[in-house]
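Biologist: Before I rely on the labels attached to this fold, I would like each one justified. Could you take me through the reasoning behind them?

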Amino acid sequence: ALSVTSPTENAPYPGGIVSIRGRVERAATLILDGAPLFHDQNGDFSSTLTFPHGGSILTFTAIDRFGRTVTATRSIFVP
C-alpha cells in the first residue's frame, strides 16, 4: 500500500517549495520520479523539494521484494 498525504492533487505552491509526506507498507524500494525516496522502518517518508514555475507531475512508485509495484501520482502547480 502507498498513501501520499502531501502534496495534495492540483495544489498551488507559491515559491516552489513542496513538502512530500506519506506512508508505504511492505515496500523494499520507494521511488519518486526515478530517484530513491527513503522511508523509515514504519514506512513513513518525508522530504522537501523545490520545483520550477509551471506544472509538474510527481510519480511515486513502491516496489516490494517480489517486484510488484504500486504507483501514485500528484499534479502540482508553481505560479
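Modeller: Let us begin with burial: a residue is called buried when its relative accessible area is under 20%, and exposed when that area is over 50%. By that rule Phe45 is buried, and so is Phe60. Please keep in mind that this is a predicted model.

Biologist: What makes Phe45 and Phe60 an aromatic pair, and why is the pair called tilted?

Modeller: Ring centres must lie within 6.5 Å, and for Phe45 and Phe60 the distance is 6.1 Å centre to centre, so the two rings qualify as a pair. The planes are 40° apart; stacked requires under 30 degrees and edge-to-face over 60, so tilted is the label that remains. Phe45 belongs to strand 6 (residues 44–50) and Phe60 to strand 7, 15 residues apart, so the pair links distant parts of the chain. The count for the structure comes to one aromatic pair.

Biologist: Which residue is the bridge partner of Phe60 in strand 8?

Modeller: That partner is Ala72. Strand 7 (residues 54–63) and strand 8 (residues 69–78) pair in the antiparallel sense over ten bridges. Two bridges are enough for strands to count as paired, so strands 7 and 8 satisfy the criterion.

Biologist: Why are strand 2 and strand 5 said to stand at the edges?

Modeller: The sheet is open, with five strands in the order 2-8-7-4-5 and mixed pairing. Strand 2 (11–12) and strand 5 (35–36) each have a single partner strand, so one side of each is left without a neighbour in the sheet.

Biologist: Why is Gly22 called buried?

Modeller: Gly22 has 10% relative accessibility and the cut-off is under 20%, so the label buried follows. This glycine is found in strand 3. Beyond its neighbours within four places in sequence, Gly22 is in contact with Ser3, Val4, Thr5, Gly43, Asp44 and Phe45.

Biologist: How do you know that Arg23 and Asp44 form a salt bridge?

Modeller: The closest N and O atoms of Arg23 and Asp44 are 2.8 Å apart, and the limit is 4 Å, so the pair is a salt bridge. Arg23 lies in strand 3 and Asp44 in strand 6, 21 residues apart. Arg23 counts as partly exposed at 37% relative accessibility, and Asp44 does likewise at 30%.

Biologist: What makes the pair of Glu25 and Arg26 a salt bridge?

Modeller: Their closest N and O atoms are 3.8 Å apart, which is within 4 Å, so the criterion is met. Arg26 has a relative accessible area of 70%, and the threshold is over 50%, so Arg26 is exposed. Glu25, at 42%, counts as partly exposed.

Biologist: Where does Arg26 lie, and what is notable about its phi?

Modeller: Arg26 is placed in the loop between strand 3 (17–24) and strand 4 (29–32). Its phi is near 55°, a positive value in a residue other than glycine. Most residues other than glycine have a negative phi.

Biologist: How many salt bridges does the whole structure contain?

Modeller: The search finds three. One of them joins Asp64 and Arg68, with the closest N and O atoms 2.8 Å apart. Asp64 is buried, with a relative accessible area of 15%, whereas Arg68 is exposed at 54%.

Definitions and conventions. Residues are numbered from 1 along each chain as its sequence is written. This is a predicted model: local features need pLDDT of at least 70, side-chain atom pairs count only at pLDDT 80 or more; totals for chains, interfaces and linings use all residues. Side-chain values use heavy atoms; hydrogens and water are left out. Helices (H or I, at least four residues) and strands (E, at least two) are DSSP runs, numbered from the N terminus. Rings of Phe, Tyr and Trp (its six-membered ring) pair if their centres lie within 6.5 Å; planes under 30 degrees apart count as stacked, over 60 as edge-to-face and the rest as tilted. Buried means under 20% relative accessible area, exposed over 50%, partly exposed in between (1.4 Å probe, protein chains only). Contact means heavy atoms within 4.5 Å. A salt bridge is a side-chain nitrogen of Lys or Arg within 4 Å of a carboxyl oxygen of Asp or Glu.
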